[in-house]
Amino acid sequence: MRDESGAVIRLEDYRPTDYLIDRAELDIRLDRHATRILAKLHLRANPAGRPAVPLVLDGDELRLVSLAIDDVPAAPEAFEASPERLVIHAPPAQPFTLTIETEIDPTANTKLMGLYRSGSAYCTQCEAEGFRRITYFLDRPDVLSVFTTRIEADRDEAPVLLGNGNPVAAGDAGGGRHFAIWHDPFPKPCYLFAIVGGRLDKVADRFTTMSGRAVEVAVYVEPGKAEDATYALDALKRSMAWDERVFGREYDLDVFNVVAVSDFNMGAMENKGLNIFNDKYVLASAETATDADYANIEAIIAHEYFHNWTGNRITCRDWFQLCLKEGLTVFRDQEFSADERSRAVKRIADVRVLRAQQFAEDSGPLAHPVRPRQYREINNFYTATVYEKGAEVIRMLRTLIGDDAFRRGMDLYFDRYDGTAATIEEFVACFAEASGRDLGHFAQWYEQAGTPTVNARGHYDAEAKTYRLALTQVTPPTPGQPEKAPQVIPIRLGLVGGSGTEIALSPAATAGHMPGVFVLDGPSATLTFTNVPEKPVPSLLRGFSAPVRLEIDLEEDELLVLFRYDSDAFNQWQSAQTVATRAILRAVGAGTPPAPDRRMADALRHFLSMRAGSDPAFAAQVLALPTEADIAREIGHDVDPDAVHRARQLVKVELGAALAAELAELYSQLSSREPYVPDAAGAGRRALRNACLDLFAAGRPAEGEELAMRQFRDADNMTDRFAALGVLSHLPGAARETALAEFSERFRNNALVLDKWFSLQAMIPEPETLERLRGLMRHPAFSMGNPNRVRSLIGSFAMANLTQFNRADGAGYDFVADMVLALDARNPQVAARLLTAFRTWKMLEPRRRAEAEKALRRVAGTPGLSPDVADISGRSLS
């Protein structure tokens with residue numbers, strides 16, 4: 001185990017390592033219970049480190065078998081070994097070798113970190129600190145080594161042996177065993193190390209790089225599943241071509257392999273040349289995967305491939321710089337998906353995720369900066385703040401300096417820091433140099449937690465034909481940061497006339513900034529626009545140009561002007577969301593159904609008649625109401641989740657009834673018997689059709705149930721079948737239970753599809769759901785040992801069922817707390833992620849707040865907690 005003292009690791013305490021490992025030669029002899037690792041490490045003193053100090057190598061649950069220094073067995077007094085560390089008291093002054101033999105049990109490794117078994121295969125996961133569970137090492141990202149790995153295994157058990165880099169040799173090892181040798185010529189930190197051994201099928205192809213090199217690309221899967229990996233392979237090739245075209249980055253090895261495993265704590269891992277994936281993000285067919293699954297596969301394949309340059313060739317100096325690889329790479333995969341699909345729809349989808357996950361994180365006790373200054377357990381900082389907000393910071397940087405300067409800055413960064421472990425300061429300095437701008441104030445986005453609120457107030461002077469826009473910003477206190485400085489906030493803006501015309505911006509209003517962008521970098525500012533012929537409606541934060549909350553003094557009629565006429569698609573969608581949010585908030589406040597407001601229904605009716613045919617994917621986003629979590633976040637304090645649920649349902653029923661005729665007609669027009677193709681156009685049509693079904697069923701439940709059941713049984717693809725099942729799940733009765741039973745029987749042998757079934761039932765907003773959940777845990781397909789099963793059932797309940805997790809009697813909190821404690825000894829990472837469901841407990845009304853706190857204190861007070869869960873429970877209660 002790692003040190004469980006709970007010591008705080010601080011950025012300001014960073015110092016270079018005292019020793020470097022230039023080369024690591026590993027001989028790994030796979031065995032289910034007694035894998036032997038012989039590691040020959042070539043070390044030297046680091047000129048930047050301290051001279052003549054003991055060498056301390058990291059370990060985690062290791063058993064030392066033997067140790068030699070410069071090929072001579074080490075004397076007992078020369079070292080000290082424990083499962084957690086290996087100390088060489090007086091290392092040689094000159095470069096030396098350390099030969100370490102360890103033994104581990106992959107089958108017993110339920111933490112799924114280090115080397116473990118997934119099904120019948122051996123695989124690894126070493127980020128962030130998993131390599132120390134394989135052998136003793138300087139397990140930190142600023143120690144870059146060239147790895148050569150020999151893997152040996154029983155030929156029948158593991159005919160496929162894969163490692164980092166390029167294949168060097170393979171052959172017979174005697175006794176029914178065989179070996180393969182892999183060499184990675186590019187120095188890398190040990191968190192990027194990987195091996196895989198098992199009986200696997202593959203799909204393969206070749207990709208020719210822009211310089212003409214042929215690269216063999218392959219996706220390995222469990223036997224019999226190769227056909228379901230073809231889309232992932234195609235996404236990989238498209239990612240490689242896109243990175244060459246957009247960022248000029250060419251792949252650098254002779255092979256690129258992806259392996260899908262069924263037991264994985266994360267989504268995927270970017271190990272150099274050997275990406276290991278949760279099979280959820282690789283396997284897909286029309287029968288088993290939704291359009292959303294296909295989009296996720298495309299995005300995550302791209303994300304891990306893009307890490308080859310932003311994360312691998314240039315890694316992070318320390319874990320405080322994690323956003324340097326993750327936030328930057330999320331930005332890159334978002335841009336790839338936007339180019340492959342609809343840019344407007346992708347932007348809306350990304351902002352939905354940001355608000356649901358990162359804004360919630362920013363407003364609670366787990367808030368932290370994009371670059372944290374301290375941590376107790378690094379695994380708990382793979383968060384939406386690091387990933388999603390980190391990507392938004394990159395996007396703002398591009399907005400501030402422009403596309404050309406941004407590309408020059410990226411090229412400079414790649415050229416200057418290739419082969420090194422870099423910092424945020426070094427990254428930002430490249431863009432300051434490329435653009436000639438001082439980015440010191442902008443860099444504060446990396447240091448300050450919290451979501452700023454921008455308040456906008458406008459005044460039109462009809463006589464002078466001027467429009468004055470007053471802007472202010474404030475960021476609320478967060479843990480450890482009670483006082484906040486103003487941020488640099490780029491605000492893309494426009495003015496829309498009441499008749500729908502775009503009003504030209506007077507140059508003086510945004511002088512010194514990018515065209516159409518005003519930078520709010522102080523607590524307040526006032527913009528004055530001249531020659532404005534009519535009272536305008538301001539369109540602010542176009543494209544969601546900054547990760548902030550916007551409060552603006554617009555009447556609903558003005559918001560509907562933006563919805564009808566704004567040239568910015570994001571703000572068109574946002575204006576509709578704001579109108580819907582206000583309607584739901586009124587219903588929450590009234591406690592009874594408010595008088596129907598036909599303006600919203602009329603605006604949607606007009607929108608569907610004008611835009612549904614030309615942009616169905618965008619229309620589907622418009623029809624989707626704000627979520628219950630969105631409404632709770634707007635309320636901000638003393639939230640009653642039951643009241644939020646009732647209010648949202650009232651508005652949904654009202655809209656569904658008012659638009660029933662139009663929805664039914666559009667649903668019928670979009671029905672098609674064309675073969676399923678997982679492309680953007682087809683996905684858009686299916687998304688709109690299913691959005692129509694969902695809203696229609698809310699307004700006319702009896703007819704909606706009949707329509708949904710027909711679609712459920714007649715569907716020729718998972719997108720339509722599962723969407724229909726989702727509609728039925730919110731309509732209590734025999735039809736729902738029949739459909740659920742038919743679905744589970746049809747897919748009883750497909751664990752990933754059953755995950756959808758588990759998740760859907762866990763999110764039913766009914767008091768009986770908790771008992772349903774307990775029953776589903778006894779289902780033969782459910783296992784507490786598989787992270788996907790846990791996330792699909794227990795995670796969906798905790799993260800996505802606002803009313804039942806937050807039951808007033810506290811039963812939902814108690815259930816999740818029990819699951820966290822049950823998981824903690826087996827898989828602390830999964831347990832800690834599950835516990836983050838409590839991140840917004842302080843915004844609840846008093847009774848629920850008290851019940852949530854009681855459950856958290858029970859977890860925090862349990863003896864022997866892992867560092868992962870102890871950290872989350874402690875910070876949640878702070």
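**Aromatic pairs and ring contacts**

Phe256 is buried in the predicted model, its relative accessible area being 2%. Tyr251 likewise counts as buried, because its relative accessibility is 1% and the limit for burial is under 20%. In total, 41 aromatic pairs are present in the structure. Tyr251 and Phe256 make up one such pair, with ring centres separated by 5.3 Å. The planes of Tyr251 and Phe256 meet at 80°, so the arrangement is edge-to-face. An edge-to-face arrangement is also found for Phe805 and Tyr813, where the centre-to-centre distance is 5.1 Å and the angle between the planes is 90°. Both Phe805 and Tyr813 are buried.

Ring pairs also extend into a cluster, which comprises Trp309, Phe331, Phe406, Tyr413, Phe414, Tyr417, Phe427 and Phe431.

Charged side chains are placed over aromatic rings as well. Arg317 is positioned over the face of Tyr14, 3.7 Å from the centre of the ring. In the case of Arg332, the charged end lies over the ring of Phe247, at a distance of 4.8 Å from the ring centre.

A further set of contacts involves Thr149, a residue of strand E12, which spans residues 145–154. Thr149 has a relative accessible area of 4% and is therefore buried. When residues up to four places away in sequence are left out, Thr149 contacts the aromatic residues Trp182 and Phe193, together with Leu26, Ile28, Ala180, Ile181 and Ile195.

Conventions. Residues numbered from 1 in each chain as written. Predicted model: local features only at pLDDT ≥ 70, side-chain atom pairs only at ≥ 80, totals over all residues. Heavy atoms only, no water. Phe/Tyr/Trp six-rings, centres within 6.5 Å; stacked < 30°, edge-to-face > 60°. Buried < 20%, exposed > 50% of the residue type's maximum accessible area, 1.4 Å probe, protein only. Lys NZ or Arg CZ within 6 Å of the ring centre and 35° of its normal. Helix = DSSP H or I, 4+ residues; strand = E, 2+ residues; numbered from the N terminus. Contact = heavy atoms within 4.5 Å.
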